[in-house]
Each structure stands twice: as C-alpha cells, then as structure tokens.
Amino acid sequence: MQEKILVVGSSGQIGTELITELRKIYGSSNVVASDLRKPDFFELDGPFEELDILNPQRFHEIVKAHGITQVYLLAALLSATAEKNPKFAWQLNMDSLFLVLDAAKEGLIKKVYWPSSIAVFGPTTPRVLTPQYTVMEPNTIYGISKQAGERYCEYYHQKYGVDVRSLRYPGLIGYKSAPGGGTTDYSVHIYHEALKKGTYECFLSENTTLPMLYMPDALKATIGIMESEAAKVKIRSSYNLAGMSFSPKEIAAEIAKHIPGFTITYKPDSRQQIADSWPQSINDDEARAHWGWKPGYDLSAMTADMLTHLKAALQSS
Ligand code: NAD
Ligand code: AKB
C-alpha cells in the first residue's frame with residue numbers, strides 16, 4: 001500500500017529538510033507539507049496545505065482529502081519561546097499531540113512521529129551520559145510538555161496499540177534552515193556570523209556544554225526509526241539520541257581552524273538558566289541496540305561541512 005505522509009510544521013528548521021528527504025523516498029506527491037505559512041527559503045516541489053494544527057476540523061479534512069497514512073507532528077513552541085508564553089506553549093504542544101494520537105487511535109492514520117527533546121531532563125538529572133531511564137524533573141514549560149507528551153505516547157501505544165515513534169533530539173544544527181526559538185540555536189547562528197562578520201556574541205557562557213546533532217544525522221535517525229520494524233521499536237515514550245557534545249568555547253575553536261582570527265564574546269541571557277538545567281551528554285545505547293542508530297558526524301566533520309555549504313550559499317546570493 002502506498003504511504004501518504006503529512007508533515008505538520010513543515011516550514012520550520014526540521015520540517016524544511018525532512019520534507020525533501022521524505023519526498024526522495026516516497027515521491028513528491030505522496031508527502032504533504034503543512035504549516036501556518038509556506039517556507040521562506042525554498043520552493044516546495046509538492047503539495048502544501050495551510051493548516052493551524054489547533055483546528056481539528058481542518059486537520060481531519062486534510063487527512064481525508066489526501067488519504068494520509070502517517071503524520072510527522074513537528075509544530076511546537078521551543079524552549080525559549082515557550083517560556084515567554086507558557087499557557088499557549090502548553091496548549092499548542094499538547095493539543096496537537098492529542099489530536100494526532102486520537103486520529104491514530106480511531107484508525108484514521110496508521111503511524112505517528114512526534115519528537116521529544118533533551119528538555120525532558122532537568123536539574124536533578126545526572127548530567128553526564130544521561131541514561132534512557134533516570135530522574136526526570138524538567139523545570140521549563142517546554143520540557144514539561146515534552147515529558148507529558150512522552151507519557152501520552154506510551155499510554156496510547158499500550159492502551160490502544162497506536163504505532164507512535166519518538167526521539168529525544170538534542171540541539172539540531174543545519175545549514176539549510178533557521179532554528180526557531182530554542183536554547184541551542186547559538187550553535188547554528190555562530191556559523192553564519194563567523195562567515196559574515198568573523199565574530200559572534202554568544203547568549204550562553206563559554207563552558208556551557210550541551211548535546212547536539214548535525215541535521216543529516218537527525219534526518220537519518222527520524223526516517224530510520226519510522227522505517228524500522230514495529231517490533232524493534234521497544235520504547236514508545238521516546239529514545240535518547242546522541243551525536244556530539246560541545247561548549248561555545250569548543251565550537252569557536254573548531255571554527256577558528258577554518259576562519260583564522262574568528263573571535264567569540266559571551267553575553268549570557270535567560271537561555272543560560274535553561275541550558276544549565278539540561279544534560280551535557282547523552283547515553284543512547286537503547287537506540288543503537290534496538291534499531292541500529294549510529295551517528296555519522298562529530299564536531300570537526302560537522303564544522304567542515306557546515307562552512308563549506310554556507311560559504312557556497314553566501315557566494316551565490
Ligand atoms: P521550528 O520552530 O523551526 O518549526 C516549527 C514549525 O511549526 C514552524 O514552521 C511553525 O510555523 C509551525 N507551527 C507553529 N504553530 C503551528 C500551528 N498551530 N499549526 C501548524 N504549524 C505550526 O521547530 P523545529 O526546530 O523544526 O522543531 C520541530 C520539532 O522538533 C518540535 O517539536 C521541537 O520541539 C522538536 N525539537 C527540535 C529541536 C531542535 O534543535 N530544532 C530539538 C529537540 C526537539
Ligand atoms: C531547544 O533548544 O529548545 C531545542 C531543544 C533541544 O529541544 N533545540
């Protein structure tokens with residue numbers, strides 16, 4: 001049977017890239033992009049539907065009109081933006097998940113992807129090589145919504161047999177799309193500013209180490225878990241996922257190897273407190289053992305690739 005995929009929140013940092021990858025696999029006409037707005041930076045070569053995921057009627061209309069079998073739910077408010085509007089963040093992050101899980105429970109769709117985050121961990125979690133199962137007391141509204149979302153995903157799988165799959169992404173870094181309101185966003189901005197100005201003012205302090213993942217690895221993991229046999233996906237809350245860990249000082253030193261004279265200054269803001277509550281590194285043994293996850297990029301390989309692509313994009317613009 002031909003899969004028909006709906007990506008909700010397709011114009012964001014992950015969505016813009018995921019759409020391209022999914023269309024390579026399933027064919028452009030079988031992957032429907034949907035968001036409040038069309039993406040800013042590239043033309044979509046396939047169907048796009050305007051959708052506010054807080055409008056259930058419109059969601060059901062799109063699912064029926066396209067015969068959707070799988071939904072990737074990416075719409076959310078991220079950590080920094082959510083702190084500015086906690087009630088709305090809770091409404092968007094939770095109501096969208098209930099809507100999609102219920103559609104699967106009712107048999108309208110067959111499979112759901114929903115990303116969680118390292119934000120499910122909090123200040124009482126062991127911060128180094130944080131294990132899959134550990135203390136989870138998040139103290140941001142974003143983290144609380146992700147943790148509650150994980151519990152709902154597992155509940156819907158156990159009670160109703162819903163085939164929902166999830167990854168706890170670390171900070172994601174890519175050259176094709178801009179990040180949207182997270183605490184790890186500096187790790188994308190720094191490459192752009194390094195090439196444009198040779199200097200960057202960082203909103204986190206120099207030794208704030210956080211787990212990160214290069215976008216090609218994030219896409220590989222996302223499609224990898226969705227294409228795994230159901231029996232291999234033994235965890236239905238969300239899987240720990242690791243790529244690399246570094247601090248602003250370390251990424252700046254790596255960039256300086258390619259751009260001699262590059263400088264970084266530090267002006268921590270409210271995002272520092274969020275970063276301080278998150279792990280420094282993640283243990284992802286379960287993802288590796290259950291469905292064969294393995295990252296391809298470390299800090300040095302990612303930096304070389306990011307700078308090559310961003311330089312080419314700057315020269316052609
Ligand atoms: P983003 O902010 O870049 O994109 C989110 C998209 O959702 C935007 O295009 C936005 O317009 C859309 N959206 C917002 N409200 C909507 C609504 N009511 N209806 C339809 N669309 C709506 O976020 P992202 O970085 O692409 O993240 C996607 C998912 O991955 C989120 O659940 C996020 O929590 C998770 N995640 C991201 C990262 C990361 O580093 N980017 C890390 C961990 C988890
Ligand atoms: C954020 O910083 O909010 C995201 C995340 C790690 O969930 N990048």
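This tour goes from the two domains of the chain to the surroundings of ligand 2. The model is predicted.

**Stop 1: the domains.** Colour the protein chain by its two parts. Domain 1 takes residues 5-171 + 214-240, and domain 2 takes 173-212 + 243-280 + 297-316. Place a marker at the C-alpha centre of each domain. The markers for domain 1 and domain 2 lie 25 Å apart.

**Stop 2: where the domains meet.** Show the residues of each domain that touch the other. On the domain 1 side, 26 residues make contact; on the domain 2 side, 28 do.

**Stop 3: the pocket.** Now centre on ligand 2. Its space is the largest pocket. Which domains supply the shell around ligand 2? Domain 1 and domain 2 each give at least three residues to that shell.

**Stop 4: the shell.** Select Leu78, Ser79, Ser117, Ile118, Tyr142, Gly182, Thr183, Thr184 and Trp278, the residues around ligand 2. Colour this shell by residue class. How many of its residues are nonpolar, polar or charged? The split is 4 nonpolar, 5 polar and no charged.

**Stop 5: the polar pairs.** Draw three distances to ligand 2.

- Ser117: a polar side-chain atom is 2.7 Å from an oxygen atom of ligand 2.
- Thr183: here the partner is a polar backbone atom, with an oxygen atom of ligand 2 at 2.6 Å.
- Thr184: a polar side-chain atom sits 2.8 Å from a nitrogen atom of ligand 2.

**Stop 6: the cover.** Finish with a surface view. Taken on its own, ligand 2 has 250 Å² of accessible area, and the protein covers 93% of that.

Note on methods: Residues numbered from 1 in each chain as written. Chains lettered and ligands numbered in written order. Predicted model: local features only at pLDDT ≥ 70, side-chain atom pairs only at ≥ 80, totals over all residues. Heavy atoms only, no water. Near = heavy atom within 4 Å. Polar contact = N/O pair within 3.5 Å; in protein donor to acceptor, adjacent residues only side chain to side chain. Areas by Shrake-Rupley, 256 points an atom, 1.4 Å probe, with all protein chains shown as cover. 1 Å grid on protein atoms, 1.4 Å probe; cavity = no way out; pocket = protein on both sides within 12 Å on 5 of 7 lines; lining within 4 Å. Sits in = over half its atoms within 2 Å of the grid points. Nonpolar A, V, L, I, M, F, W, Y, C, P; charged D, E, K, R; others polar. Domains from an automatic or database assignment. Contact = heavy atoms within 4.5 Å.
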